[in-house]
Amino acid sequence: MIRPLDSASSSPLHFFGYFLDHRSEDLGWLWDHTWLSVVPVVVGLALALPLGWLARRYQWIYPPMMSITGLLYTIPSIALFVLIPPVLGMDPLNPLQVPIALSLYSTALLVRVVADGLGAVSEETVQAATALGYRPVGRFFRVELPIAVPVITAGLRVAIVANVSIVAVAGTIGMDNLGRLFDQGFTLSVSQPYYPPIVLGIVLCVLLALVLDLLVVLVSRMLTPWRRAVPS
Amino acid sequence: MIRFDHATKSYPGGTVAVDDLQLEAPTGQITVLVGPSGCGKTTSLRMINRMIEPTSGKVWLDDTDTASMPAHELRRQIGYVIQHAGLFPHRTIVDNVATVPFLLGTDKKQARARSMELLERVGLDPAFAKRYPAQLSGGQQQRVGVARALAADPPVMLMDEPFSAVDPVVRDQLQDEFLRLQSDLGKTIVFVTHDIDEAIKLGDQVAVLRVGGTLAQLATPRELLSRPVDAFVAGFVGRDRGYRALGFTQSGSLRTHEEPTVTLGDPLPSGSDRDWVLVVDAAGAPQGWLHLGDQPRGAVVEDRMLYRGGTLATQGGTLRAALDACLSSPSGRGVVVDEAGRLIGTVTAREVLDLIESQGTPS
Amino acid sequence: MAPGGALVIGDVVGWLTDPAHWQSTPFDTGILGQLGAHVWFCLIALVIALVISLPLGLWIGHTGKATWLVTVANAVRALPTVGVLVLLVVIIAPNFYGRTNAGYLIPTEIVLVLLAVPPILSNAYAGVQNVSPAVRDAAFGMGMTGPQVLLRVELPNALPLIFSGFRSATLQVIATATIASYVTLGGLGRFIYDGLAQQDYPQMISGGLLVAALALAADLLLALAQRYTVSRGITGRAGRQAGSDSRVAVLNEELASETA
């Protein structure tokens with residue numbers, strides 16, 4: 001049972017005190033929020049790499065693939081959450097519906113990014129790699145993919161920041177994550193405004209988005225040492 | 001006439017792009033600005049239509065100070081052609097050409113009709129009119145760029161490396177057509193290039209600029225080749241400038257020797273004392289040289305036997321063409337033809353050189 | 001408690017085809033009423049966002065001034081929409097009493113506008129920025145004035161990116177307007193949250209379907225509008241040169257503004 005603290009103020013600035021008082025629950029939601037944001041992007045990338053490669057390798061696949069991913073991206077998140085269980089024959093409320101929906105979004109976004117990132121690799125580079133004796137698979141992993149890293153990184157950053165915001169939406173249909181803090185705040189504000197959980201939720205979401213974004217950038221830098229050689 | 005009057009362009013960092021430029025581009029002529037990158041040639045050009053404003057000094061258009069009117073009004077009186085054509089991707093070719101007339105408020109129908117004429121004039125099929133720039137090749141886009149600059153019939157045209165982004169064959173073609181067009185139109189043209197050969201081919205006068213934005217030499221192409229004022233200009237103009245200068249000297253009437261010929265399809269001549277025989281077609285136009293020693297006896301002269309590497313000199317053409325005809329001929333005898341391409345005779349390199357010597361150093 | 005998938009789909013079809021669910025009663029707003037409300041909320045937000053961000057984005061792109069605004073707008077995307085919505089409702093709603101729903105409508109519209117501004121702004125900016133320097137140079141060189149260059153050259157060439165920004169804004173606004181039902185506002189989201197609260201899953205899933213259908217219809221409509229407004233010379237439909245994909249251009253734009 002969550003109650004406003006007897007002693008605490010309802011000041012927005014009191015969010016940290018609120019956090020300390022409900023530490024274990026909030027940390028649990030933070031952890032839920034984190035894996036719900038990250039795992040779908042990893043799954044999405046794992047699926048998008050071969051799909052994006054296919055869309056480049058066989059030109060005729062590109063237009064229909066982009067139509068399908070575009071269509072998926074058009075469906076609002078809350079609608080996708082509630083539509084996934086009946087489509088997959090699951091319970092109407094199932095803890096997996098959120099990660100599945102987010103994986104679909106991430107895949108949809110990243111397929112396009114991977115395909116276009118690979119398309120941005122210059123023809124000369126591909127020819128040179130082929131002439132040097134790379135076979136298609138080696139060429140993909142050692143030449144084309146590394147060159148496409150900057151574009152893919154940009155896509156990953158957009159995907160992961162978007163995910164942090166979308167996961168919170170799932171809080172409104174009762175899924176455990178930082179979105180529950182907003183639910184709490186809304187419920188507790190029926191008679192008069194009670195800000196701490198709402199502000200705490202916003203602060204944690206923004207921090208999480210920033211940290212994850214930074215992680216993607218750092219990993220990308222590690223993978224592309226040659227980009228640091230040129231001062232921008 | 002365009003006149004640079006102590007025009008200077010410097011930037012806050014202390015870089016001077018154009019330094020106290022004094023230059024006059026005469027009416028009805030092509031003035032080429034040429035020089036290495038960083039010499040301020042494009043900056044100078046862009047000061048004329050005030051795409052860049054001079055830091056000090058003035059640019060005059062006839063008797064008008066260009067700074068005395070709003071920049072956009074000035075620009076509508078000056079044709080402007082740039083390197084990548086800069087066609088508007090969202091407009092059809094005909095509407096691209098009609099840009100300035102539209103801006104000036106010309107009736108749309110009339111402006112388009114005039115644009116169609118211009119397209120033909122620059123050598124484009126009117127069928128292109130309804131297409132979009134992305135559907136045209138680089139060379140075709142450049143022609144449209146020229147047509148667009150001509151649309152409002154401006155007395156002055158500025159051209160900033162207009163032919164440098166196309167391949168050499170197309171460039172040569174565009175240059176020739178440009179000269180033909182200019183001989184009809186007689187515009188006052190300022191032309192920027194980094195290619196000294198283009199400058200020499202197109203310019204009535206050539207201004208060589210050096211890095212730092214100063215004028216090194218202003219001269220006719222011929223003078224530039226024969227009398228570069230200093231080591232910089234000499235180096236920029238190039239090593240074989242003596243040879244290239246011959247391109248500005250008329251050969252006058254070359255005294256030619258009669259050359260025995262054989263016509264395509266005839267049997268090989270027998271008992272000739274020469275190794276090489278000139279082959280002509282039925283109309284008397286030289287086709288190539290034939291090496292007698294290589295051919296079976298009694299054979300008929302066929303196309304595939306010919307050596308076609310030699311160039312032809314035209315009677316009344318330049319000394320450079322005459323000398324080149326000799327040097328490129330396997331027999332050592334340069335072939336001279338008349339205006340219609342029919343054989344007149346041959347001349348040797350020795351004879352051409354004697355002629356050059358008798359005329360003194362080209363000047 | 002879980003019914004089989006097939007059963008649910010049958011129930012959903014049953015719910016959607018029940019004429020009683022489409023008409024409003026004095027106690028209950030039907031599908032058509034909620035659809036109208038949903039569309040109305042979205043239109044208000046999109047019009048306001050467009051009026052603010054399109055001229056601003058074009059101006060930033062044209063002059064190159066105040067590019068930090070684009071960075072700021074993009075940073076707004078990191079905010080959790082639901083959180084901001086709840087926060088604003090809690091702040092604003094107590095100031096309104098009685099029958100009006102302004103206490104919920106105003107915070108919702110603020111959030112929707114906040115969401116719609118960044119994609120339109122940054123795409124308008126990127127669209128103008130992406131116009132080739134040669135084209136811009138030629139436009140000025142022909143004697144166009146600054147406003148003429150912007151309206152006759154930069155705007156038409158930026159249209160594909162502007163459309164993609166506006167489409168993205170529209171989708172996010174439709175999606176977030178659904179969540180507004182969570183803070184007791186009307187709209188198609190009502191069916192989702194009421195269905196959830198009453199454990200009436202056919203109603204909840206029908207709500208999801210209706211929202212998805214609305215989003216698809218809106219996107220299709222905009223795609224059609226785009227097809228008829230953007231010059232064939234830039235869509236690539238007139239010939240080769242498809243041009244780089246708009247979304248990647250936006251991604252690169254975001255990357256550039258974030259690393260700057």
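Begin by selecting the contact between chains A and C, which takes 41 residues from chain A and 46 residues from chain C, two residues being in contact if their C-beta atoms, placed from the backbone, lie within 7 Å. This is a predicted model, in which local features need pLDDT of at least 70 and side-chain atom pairs count only at pLDDT 80 or more, while totals for chains, interfaces and linings use all residues. Residues are numbered from 1 along each chain as its sequence is written, and chains are lettered from A and ligands numbered from 1 in the order in which they are written.

On the side of chain A that touches chain C, select H7(A), the source of the largest share, 10 residues; helices here are DSSP runs of H or I with at least four residues, and strands are runs of E with at least two, numbered from the N terminus.

Next, show chain C alone, with its 12 helices and 0 strands. Buried residues make up 53% of its 260 residues, where buried means that 20 or more other C-beta atoms lie within 10 Å of the residue's own.

Then select C:Leu85, C:Val86, C:Ala116 and C:Val173, which touch the most other members of the largest nonpolar core, a set of 230 residues; such a core consists of buried Ala, Val, Leu, Ile, Met, Phe, Trp, Tyr and Cys residues joined through C-beta atoms within 7 Å. Helix H8 (residues 146-179) of chain C gives the most to this core, with 17 residues.

Finally, centre on C:Ala116, which, leaving aside its neighbours within four places in sequence, is in contact with C:Ala45, C:Leu46, C:Ala49, C:Ala169, C:Gln172 and C:Val173.

Methods. A residue is buried if 20 or more other C-beta atoms lie within 10 Å of its own, exposed if 12 or fewer, and partly exposed in between; C-beta atoms are placed from the backbone.
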